[in-house]
Amino acid sequence: MTDNRTIKAPEGMLAVWRDMYEWARKNGGDMPCPRCGRRTMTDHNAISRRVSVEICPTCGAEEAFEDFATGGCMDDVSHWWLFSGAR
Ligand SMILES: [Zn+2]
C-alpha cells in the first residue's frame with residue numbers, strides 16, 4: 001500500500017505474528033484472529049483493510065461495514081486483540 005493509513009500498527013509485532021501464524025498453519029495449529037481474538041480463523045480468511053495481516057471472515061466483514069459507514073476513516077487498530085495487551 002502506498003498511503004499512510006497503515007502505519008499505526010507496530011510492524012515488528014505484525015512480523016512476529018505472521019511468522020507464528022504461518023508456522024501454526026503448517027503444523028496444524030490453531031491461531032486466534034488477531035483482530036477479535038476468537039478462534040474463528042478459517043481457510044478463507046480476509047486480509048485486513050488496516051494492516052496486511054489475515055483476519056477472520058467476520059472481522060473482514062466488520063471492517064468493510066466500518067469503511068462503508070465512515071468513508072474509510074477507521075484506520076486505528078489499537079482495539080485489536082493482538083495490540084490491546086488484554087491477553
Ligand atoms: Zn476476527
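**An open first helix and the surroundings of R49**

In this predicted model, none of the 16 residues of helix α1 is buried, so the helix lies largely in the open. Helix α1 covers residues 11–26, and its first and last C-alpha atoms are 23 Å apart, close to the 22 Å expected at 1.5 Å a residue. After α1 comes G28, with a positive phi near 70°.

Stepping back to the whole chain, the secondary structure amounts to three helices and two strands, arranged along the sequence as α-β-β-α-α. Buried residues make up 18% of the 87 in the chain. As for contacts between residues at least 6 apart in sequence, 40% of them link residues at least 24 apart.

Helix α2 offers a second check on helix geometry. It runs over residues 57–70, and its 14 residues should span 20 Å at 1.5 Å a residue; the end C-alpha atoms are indeed 20 Å apart, so the two values agree. Just after α2, G71 adopts a positive phi of about 75°.

A closer look at R49 rounds off the picture. This residue sits in the loop that connects β1 (46–47) with β2 (54–55). Leaving aside residues up to four places away in sequence, R49 touches E63 and D67. The C-alpha atoms of R49 and A64 lie 8.0 Å from each other, although 15 residues separate the pair along the chain. Is R49 buried or exposed? With 18 other C-beta atoms within 10 Å, R49 is partly exposed, because a buried residue needs 20 or more such neighbours and an exposed one has 12 or fewer.

Key
Residues numbered from 1 in each chain as written. Predicted model: local features only at pLDDT ≥ 70, side-chain atom pairs only at ≥ 80, totals over all residues. Helix = DSSP H or I, 4+ residues; strand = E, 2+ residues; numbered from the N terminus. Contact = placed C-beta atoms within 7 Å. Expected span 1.5 Å × (residues − 1).
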